[in-house]
Amino acid sequence: PPPKLGIIFLGLLLYFTSRMDMKSVGIDLGSYSVKITELTRESKTGWTLSNCFSFNIGQEAATDYKLEVIDNLRSYLSKETEQNTTYTLSLKQNEVTHRHIVFPFRERHNILRSLAFELEDDLPFSSENAVYDAKVLFYKANTASVLASIAPKSNIENLIAMARDAGVDPDVVSVEGLALSNLFENWNLPP
């Protein structure tokens with residue numbers, strides 16, 4: 001059977017692959033397995049789920065998580081032949097926090113500029129060491145209701161470094177839980 005997150009990544013990959021890449025690969029570095037989902041572009045608007053893989057990790061107490069992940073990714077990449085591939089990595093849900101905020105304005109650039117200030121008292125880490133993103137959920141009069149996502153830079157840097165050590169240069173880093181929402185809507189479009 002396909003990995004549990006295969007369907008979640010289907011939504012994520014369809015959303016983030018508007019380029020004309022021939023293949024899009026979603027990688028979830030979980031606690032007990034590495035899950036990989038491949039989509040292949042069939043036409044300008046069509047995609048086919050071509051493969052799902054799952055590699056168990058951490059089965060032996062003496063193994064190093066990072067080395068095991070890198071070995072599994074390298075093993076997968078050794079069979080990879082597509083040149084035009086988009087790679088999407090999944091940041092673990094427990095490494096991200098989300099907040100609902102209502103802003104007294106509607107412009108996305110103002111919202112993104114204000115996020116750090118609005119959230120600084122809610123974060124257990126410095127706002128200078130965080131990465132922010134926001135999705136406008138809806139507008140009401142001159143206000144915007146927003147779902148903000150915040151992650152420590154170090155978590156994202158560690159994830160990207162581990163992928164690069166394995167030979168993957170990720171195009172996108174997303175959060176596990178938000179990937180599912182991409183099955184239903186395009187997050188860059190206004191509500």
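**Exercise 1. Write down the order of helices and strands from the N terminus on.**

*Solution.* Reading from the N terminus, the elements run α-β-β-β-α-β-β-α-β-β-α-β-α. The protein has five helices and eight strands, where helices (H or I, at least four residues) and strands (E, at least two) are DSSP runs numbered from the N terminus.

Before going on, a word on the model: it is predicted, so local features need pLDDT of at least 70 and side-chain atom pairs count only at pLDDT 80 or more, while totals for chains, interfaces and linings use all residues. Residues are numbered from 1 along each chain as its sequence is written, and side-chain values use heavy atoms, with hydrogens and water left out.

**Exercise 2. Find which residues of α3 are buried and which are exposed.**

*Solution.* Start with the helix itself: α3 covers residues 108-119. Its 12 residues reach 16 Å from first C-alpha to last, close to the 16 Å expected at 1.5 Å a residue (the expected span is 1.5 Å times one less than the number of residues).

Next, sort by accessibility (buried is under 20% relative accessible area, exposed over 50%, partly exposed in between, with a 1.4 Å probe and protein chains only). I111, S114, L115 and L119 are buried. Seen down the axis of α3, these buried residues fall within an arc of 140°, so they line one face of the helix; the arc is taken over directions from the helix axis to the C-beta atoms. On the other side of α3, R113 and F117 are exposed.

**Exercise 3. Work out the strand order of the open sheet and where α3 packs.**

*Solution.* Three strands give the order β5-β7-β6, with antiparallel pairing (two strands pair if DSSP finds at least two bridges between them). β5 and β6 stand at the edges with a single partner strand each, so one side of each is left without a neighbour in the sheet.

Now look at one pairing: β6 and β7 are joined over 10 bridges in the antiparallel sense. Here Y132 stands opposite I150 in β7.

Finally, add the helices. α3 packs on the sheet, touching β5, β6 and β7 (contact means heavy atoms within 4.5 Å), and its direction makes about 120° with that of β6. Helix α4 (residues 153-166) also packs on the sheet, touching β6 and β7, at about 60° to the direction of β7. For these angles, axes are lines fitted to C-alpha atoms, for helices over the stretch in contact, and angles run from 0 to 180 degrees between N-to-C directions.
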